[in-house]
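Student: I would like a close look at one part of this model, the packing of a pair of helices, and then at what surrounds it. Could you take me through it in one connected account?

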Amino acid sequence: MKILMVGYFSETAKAKIARHFLEDWDIVIVPPGKEMLHHIEDCQVIIPEHIKVDRSLLSIAKKLKLVQTGAGFDNVDINACTQHGIWVANAAGVNAQAVAEHVMALILSYYKNIPFLDSFMKNRMDESQLDYTGSELKGKTIGIIGLGAIGKKVAEFCRVFDMNVLAYARDAAQQSDGFVKMTDFDTLVGASDIVSVHMSLNQQTKQLINKAVFKKMKKTALFINTARGGIVNERDLIDALKNRDISGACLDVFESEPLPTDSELRSLGNVILTPHTAGMPDGRKFHKKRYDFFVNNIKRVENGKEPESKLNQLL
């Protein structure tokens, strides 16, 4: 069984990942480009990052049986895969705990000014000159956009901090626990002290968060995105941060990844950035639960079974 992983991985990450798969599997880890196209021809499984799995790519993949993604699958043409007799599966919910913990870490870092205070201490500045504004979380309202596995976990954590929790889900039938108040999108955006995005990226959610939405938020609001960068109009976000239409942002995902070195987001003092690592608590590009899931799903397909968390149905 040949498994092709496409993405940007350090040598350390490659070694960790390769050790996690079965010894008799052929594991190839390459960045997007010509080398990837060579291996596409005879791989049975592809785990794609930073590439589109579309009809053009599938026309080369003569032996492909499974496209396995992480939580997101907006880079995969599911209909085309189905027509080619190829399973598509994601790893829904596998990283819920990790991402939710990351969200709380960002919230606490922002309101407790951890990046600023850390820099202050390491620069040996005069503590008598220390001046900053912080806040407790108790009583604050968080608005969670998308109430899947991650959104629900974030809500549970916020409950422990005595926060008020609002949620909006595009699926009107989405159920919540009693402490979460389901509401409409505009009410959530306008009433929340913190707005956190936990939706998948698709045609309906692409650039859902834009200038008009930022204008509806409180000027004291904190915006958090650990879902997908494409859900947000990044130019509108930068303008909202610079104009102080909102107070700040904590971002783990971006419209273009890796985040360009000249991005204005890197220079804004009211922003905390992490490099799309919310779902990778075990180290850069590695999450044991995620790869345990991948191995199990590949075994299932290898043995002629349907994959878990499948996104299509083959005849």
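Tutor: In this predicted model, the contact between helices H5 and H7 is made on the H5 side by Ala96, Gln97, Val99, Ala100, Glu101, Val103 and Met104, which meet Ala149, Ile150, Lys153, Val154, Phe157 and Cys158 on the H7 side. Sorted by class, the residues of this contact comprise ten that are nonpolar, one that is polar and two that are charged. As for the geometry, H5 and H7, the latter spanning residues 149-160, have axes 8 Å apart and pack at an angle of about 45°. Angles from 35 to 65 degrees fall outside the parallel and perpendicular ranges, and the two helices are therefore oblique to each other. The handedness of the crossing of H5 and H7 is right-handed.

H5, which runs over residues 96-111, also takes part in the second largest pocket, where two or more lining residues come from each of H5, helix H6 (114-122) and strand S12 (271-273). H5 gives the largest share of that lining, namely three residues. The pocket holds about 480 Å³ of space, and its lining consists of 19 residues, with Tyr110, Tyr111, Asn113, Thr133 and Ser247 lying nearest its centre. In contrast to the helix contact, which has ten nonpolar residues and one polar residue, the pocket lining divides into seven nonpolar, nine polar and three charged residues.

Two of the elements that line this pocket also border loops with backbone features that deserve a careful check. After H6, in the loop that leads to strand S6 (141-145), lies arginine 124, whose phi is positive, at about 55°, although this residue is not a glycine. The loop between strand S11 (248-251) and S12 holds proline 258, and the peptide bond that joins glutamate 257 to this proline is cis, with omega near -5°. Both features stand out because most residues other than glycine have a negative phi, and most peptide bonds are trans.

Turning from open space to enclosed space, one finds two cavities of 30 Å³ or more in the structure. The largest cavity, with a volume of about 50 Å³, is lined by Asn225, Gly229, Val232, Glu234, Leu237, Leu251, Val253, Phe254, Glu255 and Leu265. This lining contains six nonpolar, two polar and two charged residues. The second largest cavity holds about 40 Å³, and its lining is formed by Gly70, Ala71, Ala91, Val94, Asn95 and Arg290. Of these lining residues, three are nonpolar, two are polar and one is charged.

Note on methods. Residues are numbered from 1 along each chain as its sequence is written. This is a predicted model: local features need pLDDT of at least 70, side-chain atom pairs count only at pLDDT 80 or more; totals for chains, interfaces and linings use all residues. Side-chain values use heavy atoms; hydrogens and water are left out. On a 1 Å grid over the protein atoms alone, a cavity is a set of points where a 1.4 Å probe fits but cannot get out, and a pocket is an open set with protein on both sides within 12 Å along at least five of seven lines; lining residues have an atom within 4 Å of a point. Grid points are joined across faces, edges and corners, and a volume is the space filled by probe spheres set on the points. Helices (H or I, at least four residues) and strands (E, at least two) are DSSP runs, numbered from the N terminus. Ala, Val, Leu, Ile, Met, Phe, Trp, Tyr, Cys and Pro count as nonpolar, Asp, Glu, Lys and Arg as charged, and the others, Gly among them, as polar. Axes are lines fitted to C-alpha atoms, for helices over the stretch in contact, and angles run from 0 to 180 degrees between N-to-C directions. Angles under 35 degrees count as roughly parallel, over 145 as roughly antiparallel, 65 to 115 as roughly perpendicular and the rest as oblique. A crossing is left-handed if the near helix is turned anticlockwise from the far one by less than a right angle, and right-handed if clockwise. Contact means heavy atoms within 4.5 Å.
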